[in-house]
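Here are my notes on the model you sent over. Have it open while you read, and take the points one at a time.

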Amino acid sequence: MLSCSLIISLVVAAESQKGPIAVENWFSKLPNAKEKVTKLHFYFHDIVSGKKPTAVPVARANSTFASPTYFGLLSVIDNPLTTGPGPKSEIVGRAQGITGYSSFKEFSLLMTLNLVFTSGEYNGSTLSVVGYNPFTQRIFEDAIVGGSWLILIYSVSNKYLLYVMQLSEK
């Protein structure tokens with residue numbers, strides 16, 4: 001069973017390198033695929049300075065600030081999730097967890113967070129996200145590794161989900 005799951009995971013990982021549409025096409029060709037699509041659209045506000053930062057550094061290596069990529073810096077976050085791109089948009093949840101700068105060569109984070117929904121259809125539900133976040137890239141994907149309430153039913157029945165973040169252009 002473990003090897004079968006690993007093979008499927010590797011196939012999904014390989015297809016995900018081609019983009020979200022390739023993953024959807026791959027999934028649609030599975031013989032027992034019963035797709036239920038739930039599309040969540042929200043904005044993730046990472047506020048690192050000012051009077052009320054939502055991402056706060058809590059630890060660093062001695063060499064962190066000598067590194068061009070802040071390697072070794074760890075932060076705890078409690079970022080608002082909103083319906084619109086503006087900071088005054090309606091809050092639908094929070095992204096809560098830990099991030100760490102994890103590369104010597106590029107700006108990227110190792111993220112482990114819970115997306116906690118506090119209003120709307122998914123009020124009380126969570127998604128647990130773990131992964132590599134090359135935050136300077138416009139589009140990247142992370143793994144949804146669990147969830148609760150309404151979302152858990154979806155994530156358990158469709159084991160291989162991708163969490164896609166798309167950064168807006170400025």
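**Notes on the model**

1. Phe65 and Tyr70 are a good place to start. Tyr70 is partly exposed, with a relative accessibility of 35%. Phe65, on the other hand, is exposed, at 52% relative accessible area. Exposed here requires over 50%, so Phe65 makes the cut with its 52%.

2. Before you go further, remember that this is a predicted model. The mean pLDDT of the protein chain is 75, and 68% of the residues reach 70 or more. Residues 1-16 stay under 50 in pLDDT, and the model gives them 15 contacts beyond four places in sequence. The pLDDT is also below 50 over residues 152-170, a stretch with 46 contacts beyond near neighbours in sequence. Where pLDDT is low, don't read the predicted coordinates in detail.

3. Now for the overall layout. The protein chain has three helices and eight strands. Walk along from the N terminus and you meet them in the order α-α-β-β-β-β-β-β-β-α-β. Of the 170 residues in the chain, 34% are buried. Take the contacts with a separation of 6 or more: 44% of them join residues 24 or more positions apart. The chain exposes about 11200 Å², and carbon and sulfur atoms supply 61% of that area.

4. Back to the rings. The whole structure holds seven aromatic pairs. One of them is Phe65 with Tyr70, an edge-to-face pair with 6.0 Å from centre to centre and 75° between the planes. Edge-to-face calls for planes over 60 degrees apart, so the 75° angle of this pair qualifies. Which residues make up the aromatic cluster? Phe65 and Tyr70 belong to it, together with Tyr101, Phe107 and Phe135.

5. How many salt bridges are there? The count is one. Arg94 pairs with Asp78, and their closest N and O atoms are 2.9 Å apart. Arg94 sits in strand 4 (residues 91-101) and Asp78 in strand 3 (residues 74-82), so this bridge ties together parts that are 16 residues apart in sequence. Are the two partners buried or partly exposed? Arg94 is partly exposed at 22% relative accessibility, and Asp78 is partly exposed at 31%. As background, side chains of opposite charge can pair when their charged atoms come close.

6. Have a look at Ser89, in the loop between strand 3 and strand 4. Buried means under 20% relative accessible area, so Ser89 counts as buried with its 19%. The Ser89 side chain reaches the backbone oxygen of Gly84 at 3.3 Å. Setting aside neighbours within four places in sequence, Ser89 is in contact with Gly84, Thr83 and Thr82.

7. Last stop: Thr54, in the loop between strand 1 (43-44) and strand 2 (55-59). Thr54 is buried, at 11% relative accessible area. What does its side chain make a polar contact with? The partner is the side chain of Asn79, at 2.5 Å. Residues up to four places away in sequence aside, Thr54 touches a list of residues including His45, Asp46, Ile47, Val76 and Pro80. Both salt-bridge partners from point 5, Asp78 and Arg94, are also touched by Thr54.

Notes. Residues numbered from 1 in each chain as written. Predicted model: local features only at pLDDT ≥ 70, side-chain atom pairs only at ≥ 80, totals over all residues. Heavy atoms only, no water. pLDDT = per-residue confidence, 0-100. Contact = heavy atoms within 4.5 Å. Helix = DSSP H or I, 4+ residues; strand = E, 2+ residues; numbered from the N terminus. Buried < 20%, exposed > 50% of the residue type's maximum accessible area, 1.4 Å probe, protein only. Areas by Shrake-Rupley, 256 points an atom, 1.4 Å probe, with all protein chains shown as cover. Phe/Tyr/Trp six-rings, centres within 6.5 Å; stacked < 30°, edge-to-face > 60°. Salt bridge = Lys/Arg side-chain N within 4 Å of Asp/Glu carboxyl O. Polar contact = N/O pair within 3.5 Å; in protein donor to acceptor, adjacent residues only side chain to side chain.
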